[in-house]
Amino acid sequence: MEKIGDEYVFVKMIDDEDMNTRIVNRVCDIGDETSRMTNVKADCTLGQLHWEYPEFTKLAEIIEEFCIESSLEMNMDNKNHRHRVGMPLWNNLYIQSQKVISMWGTRSISEEVTTPHDHWPCTWAFCYYIDPPEGCSNLVFPTLGKEIQIENGKLVIFRGHLIHEAISKEFDGDRFCIAGTVVFSPPQQ
């Protein structure tokens, strides 16, 4: 866990090269589905990958588990919130029920960007990086004045209201990022 001011950013390293290879191949096979009409000004798939392909389903399960762990840790870090963790109804409704609701893959080349944006009202947003080329953009939080160094297998989750971007940089190769959003999903009555 890293705190940037009052904001939390959680990082987990994932060592699964088979999953990574399958993800990269799938993103390349699908290609650009958004015609650069989103914040991603590069090749970008639509947001249902985790429902359609097993390698993305696997990644979504890892992300959901990490969001639950991170939410518990964040609550335990605040003395006024610690009691929530021990309240089964609250814990089940708001922590244990978290689900990935959208997941897309991006492939950027030199100088392509992702413009500043957020994912509010989602609970969490995430970025997962696969074999980023040397010199490519890090994950930038412009309103916080902070960059997160990206590397192969790095999963970064952060609250959905945080503005983030990838800035224009010259580099060789393809920059792959799997991104998406997580919300709490209480059971329907």
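The following exercises, with worked solutions, concern the predicted model shown above.

**Exercise 1. Determine whether the overall dimensions of the chain agree with those of a compact globule.**

Solution. Step 1: take the length of the chain, 189 residues, for which a compact globule would have a radius of gyration near 16 Å. Step 2: compare this with the value for the chain, 16 Å; the expectation is therefore met. Step 3: add the extent along the principal axes, where the C-alpha atoms fill a box of roughly 50 × 35 × 30 Å.

**Exercise 2. Describe the secondary structure, the burial and the contact pattern of the chain.**

Solution. Step 1: count the elements; the chain holds 5 helices and 11 strands. Step 2: apply the burial cut-off, under 20% relative accessible area; by this criterion 48% of the 189 residues are buried. Step 3: turn to the surface, where about 9600 Å² is exposed and carbon and sulfur atoms supply 49% of that area. Step 4: consider contacts between residues at least 6 apart in sequence; 79% of these join residues at least 24 apart.

**Exercise 3. Identify the largest nonpolar core and the elements that build it.**

Solution. Step 1: establish its size and its best-connected members. The core has 27 residues, and Leu59, Ile63 and Met103 have the most contacts inside it. Step 2: list the elements that give two or more residues: the helices α1 (17-30) and α3 (54-76), together with the strands β2 (7-13), β4 (98-108), β6 (124-130), β9 (154-159) and β11 (175-184). Step 3: find the principal contributor, which is α3 with 7 residues. Step 4: follow one central residue outward. Beyond its neighbours within four places in sequence, Ile63 is in contact with Val100, Met103, Phe126, Leu155 and Val182. Step 5: distinguish this core from a second, separate one of 20 residues, whose members include Ala125, Cys136, Ile150 and Ala179.

**Exercise 4. Place β9 among its neighbouring strands and state how far it is covered.**

Solution. Step 1: examine burial; 5 of the 6 residues of β9 are buried, and the strand is thus mostly covered. Step 2: examine the pairing with β2, which is antiparallel and comprises 5 bridges. Within β9, Lys154 is the bridge partner of Met13. Step 3: examine the pairing with β6, again antiparallel and again over 5 bridges. Here Phe158 of β9 stands opposite Ala125. Step 4: relate the pairing to the cores. β2, β6 and β9 each give two or more residues to the largest core, whereas Ala125 belongs to the second. As a general principle, side chains in a regular strand alternate between the two faces of the sheet.

Key:
Residues numbered from 1 in each chain as written. Predicted model: local features only at pLDDT ≥ 70, side-chain atom pairs only at ≥ 80, totals over all residues. Heavy atoms only, no water. Core = buried A, V, L, I, M, F, W, Y, C linked by side-chain atoms within 4.5 Å. Buried < 20%, exposed > 50% of the residue type's maximum accessible area, 1.4 Å probe, protein only. Helix = DSSP H or I, 4+ residues; strand = E, 2+ residues; numbered from the N terminus. Contact = heavy atoms within 4.5 Å. Pairing = 2+ DSSP bridges. Rg over C-alpha atoms; globule rule 2.2 N^0.38 Å. Areas by Shrake-Rupley, 256 points an atom, 1.4 Å probe, with all protein chains shown as cover.
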